[in-house]
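Notebook open, coffee poured. I wanted to look up one helix and then the charged pairs.

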Amino acid sequence: MAHSAIATGTARPPSSVRRIIVASLIGTSLEWYDFFIYGTAAALVFNKLFFPTFDSLTGTLLSFTTYAVGFVARPLGGVIFGHFGDKIGRKKVLVVTLLIMGLSTFAIGLLPTYDSIGVAAPLLLVTLRFIQGIGLGGEWGGAVLMTLESGDPKRRGLNASWPQVGVPIGLLLANGVLSLMGRVTSESAFNSWGWRVPFLLSGILVLVGLWIRRSLEESPMFEEAAAKEPEAAPVLEVLRRYPRRVLLAIGARIGVDVAFYTFVLFITTYVATYLELPKSYALNAVFIAAAVQVCAIPLFGHLSDKFGRRPIYLGGAIGAAIWLLVFFKLLDTGRFALIALAAVMALIFHAAMYGPQASFISEMFPTRVRYTGASMGYQLAGILGGALAPIISTALLKKYDSAWPIVIYVIAMLVLCVICVLAAPETAHADLEEDPLHGQLAESAG
């Protein structure tokens, strides 16, 4: 018989669960807005403002390298805040991560450029990007677990998918604000001060997020587990007892990350820099696709509750690999309608992977180390996935002057994703109180 927090009567009432979901969604949306503002600015203006002595593609490559620093920092943030999230609770950590993310993003909007202070400008940019990454690294696990651990166990896939919706919403906000600034300012004004406005807006948005998060109640499943057995060293426990689960989580996520950042970030470089089309083509195409994904992610999260995490996840990975064969061909037409179609279908396939992903990874770990274990698997994959994808794709385009090497690279990463999802057990009906996968995964230690 299941002995989960839900089963023992500590579940929150539906109104409280809805409040937790809304708060998690708003918080992750704001954090991803901060993160994507940087990525889009890196593709559009940072090459000119912080690396002006290089040619266009090389400058873009260098700006993406600073972008990648955020991904390198994310596992550190996941470990630090995962530890405290498993020790003192999810809620307190989420307030801190939102504050770190918002202040670092606001500070980027105040940075002087290379023309003003020379090499110190990109160095400061890298430092603030690193701090951004630490904040986001701690954010994901807490936001997902607050929804996963507080509601009906039969709706874990749907509930945990809502913080994932923060990604397309953050992308919509980032691209929308940058697109608006591009419309209301001349190119010279945008390069001079217009790009700063979206970063400075983060200071206002973070206050809204903090106000909402301070009113949340702690995860009932965490409270019950902490009362029974406080975990002394969550990081060491994960490394000692659950290394295979961490590796499977990393492998299942890398391809998803590579595909996403190819579809939503590298598309800007390819369309605006390589094809020399208006940058609004890429920004608006991604804007439309992200709007579709806002609905698609919870849909696939819901379907994973009905049919299991693995079938939905695998369908998205295989579909994305097939779609890549036509994705760049549609971009090459130079027609906005077809570029938008390429982005929309790409993010639908991504949503089929991303919707079940939060519950799939989180359900691999027991409650007392779930924040740490899920964060480690999710964020370590970001280094090999999202951090490197724009750099590798830009370098391949520069070397081969063709999109086909990029297609092969992304498909290879999706194949790895398929292998790891197949190697992992189904988690949709796991009992989360103790070890949800006890007996299903033979660990290499412990």
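Below are my entries on a predicted model.

Entry 1, helix α8. I checked the length first. α8 covers residues 196-213, and at 1.5 Å a residue its 18 residues should span 26 Å. Its end C-alpha atoms sit 27 Å apart, which agrees. I then looked for bends and found a kink of about 30° in α8, centred on Gly203. Buried residues of α8 include Phe199, Ser202, Val206 and Leu210, and Arg196 and Arg213 are on that list too.

Entry 2, salt bridges. How many salt bridges are there by the rule I used? The count comes to nine.

Entry 3, Arg370 and Glu149. These two form a salt bridge, with the closest N and O atoms 2.9 Å apart. Arg370 lies in helix α15 and Glu149 in the loop between α5 and α6, so the pair ties together parts 221 residues apart in sequence. I noted that Arg370 and Glu149 are both buried. They also belong to a salt-bridge network with Asp86 and Arg90.

Entry 4, Arg309 and Glu363. Their side chains meet in a salt bridge at 2.7 Å, N to O. Arg309 is in helix α13 and Glu363 in the loop between α14 and α15, 54 residues apart, so I logged the pair as a link between distant parts of the chain. Buried or exposed, I wondered, is Arg309? Arg309 is buried, because its relative accessible area is 0%, and Glu363 is buried with 0% as well.

Entry 5, Asp257 and Arg253. I got 3.1 Å, N to O, for this salt bridge. Both residues are buried. They are four residues apart in helix α11, so about one helical turn separates them.

Note on methods. Residues are numbered from 1 along each chain as its sequence is written. This is a predicted model: local features need pLDDT of at least 70, side-chain atom pairs count only at pLDDT 80 or more; totals for chains, interfaces and linings use all residues. Side-chain values use heavy atoms; hydrogens and water are left out. Helices (H or I, at least four residues) and strands (E, at least two) are DSSP runs, numbered from the N terminus. The expected span of a helix is 1.5 Å times one less than its number of residues. The bend at a residue is the angle between axes fitted to the seven residues ending there and the seven starting there. Buried means under 20% relative accessible area, exposed over 50%, partly exposed in between (1.4 Å probe, protein chains only).
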